[in-house]
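Please work through the exercises below with the sequence and the 3D structure at hand. Each task is followed by a solution that goes step by step.

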Amino acid sequence: MNGKFIMTLVVLLLCVGATAVGIMLSDQPTETPVQPDNQQSAALPEEKEEEQKEPEETEPVPEEDPTDTWELILANPDHPLPEDFQVETAPVQGNFVMDIRVADSMKEMIAAAQEDGVELMICSSYRSIQRQQELFDEQVAIFRNAGKSQEEAEAETATMIAVPGTSEHQTGLAADIVTPSHQTLDPEFAETAAGKWLTENAADYGFILRYPEDKEATTKIIYESWHYRYVGVEHAKAMKEKGLCLEEYLEELKGGE
Ligand SMILES: [Zn+2]
């Protein structure tokens, strides 16, 4: 065996290995190309799923909570975010920013709508818990000055302003979207070209209508035809197909389907 032969052998083996890897990879469920999951963190849930598919583990694998991912984080009155919750943001439109991991998805969605002649206009996106706390405290102070007790003032404020940590806008994953011809946040937005476009296409970019009309009892939030939340393309499509809101979907995931 001369050096050349060994080299050829090594190259051949590498090719075989690469082909085998290629075949293994092609067995994995392919993702739709529209998903801009080029960030490492965004790919985490898929990796977890792949791990769980390997049955040859002899040691018992500790059960992972499939809902324990950043994109499925729940922020509602029953599940406030931790006080030290931090978001790394990136601009999405004008001065509006969102979580850096979803900013590209939002920008792509806005661009795709524009190509279809539809203008999506963000009117609210990320809001820090600190800012929410300031807004909340200012309103409490107004009620206190009007003679209410601290408890009364806080309770009344909570009906007007989300208790800090409970607003989905603080996750950086949600945005209120309108369109130039219809800038009010009301149910009628759903009937505009922008509303209809979002209903049809948002899931392709990983966004869901977070507070649907028929889920008020579960979300405890009124129907918000304008509020879209990122959950990732896979989850968004599943939720849309099954007609589940986030709370219901998380329950189903935890239940192990
Ligand atoms: Zn909103």
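**Exercise 1: from one bridge to a sheet**

Y211 has E224 as its bridge partner in strand 6, where strands (E, at least two residues) and helices (H or I, at least four residues) are DSSP runs numbered from the N terminus. The model is predicted, and local features need pLDDT of at least 70, side-chain atom pairs count only at pLDDT 80 or more, and totals for chains, interfaces and linings use all residues. Residues are numbered from 1 along each chain as its sequence is written.

Task: starting from this pair, establish in which order the four strands form the open sheet.

Solution. Begin with strand 5 and strand 6, which run antiparallel and are joined by four bridges; two strands count as paired if DSSP finds at least two bridges between them. Next, follow strand 6 to strand 4, since these two pair in the antiparallel sense over three bridges, and H227 in strand 6 is the bridge partner of D176. D176, which lies in strand 4, is also the bridge partner of S124, and strand 3 pairs with strand 4 (residues 174-178) in the antiparallel sense over three bridges. The order is therefore 3-4-6-5, with antiparallel pairing. At the edges are strand 3 (121-124) and strand 5 (207-211), each of which pairs on one side only. Neighbouring strands of the sheet are turned by 50° against each other on average, direction ignored, with axes taken as lines fitted to C-alpha atoms and angles running from 0 to 180 degrees between N-to-C directions.

**Exercise 2: burial**

Task: decide how many residues of strand 6 are buried, and which residues of helix 9 are buried.

Solution. A residue is buried if 20 or more other C-beta atoms, placed from the backbone, lie within 10 Å of its own, exposed if 12 or fewer, and partly exposed in between. In strand 6 (residues 224-230), seven of the seven residues are buried, so this strand is largely enclosed by the rest of the structure. In helix 9 (residues 246-254), the buried residues are L246, Y249 and L250. Seen down the axis of helix 9, they fall within an arc of 100°, taken over the directions from the axis to the C-beta atoms, so they line one face of the helix. These buried residues pack against strand 5 and helix 8 (233-242).

Terms used
Two residues are in contact if their C-beta atoms, placed from the backbone, lie within 7 Å.
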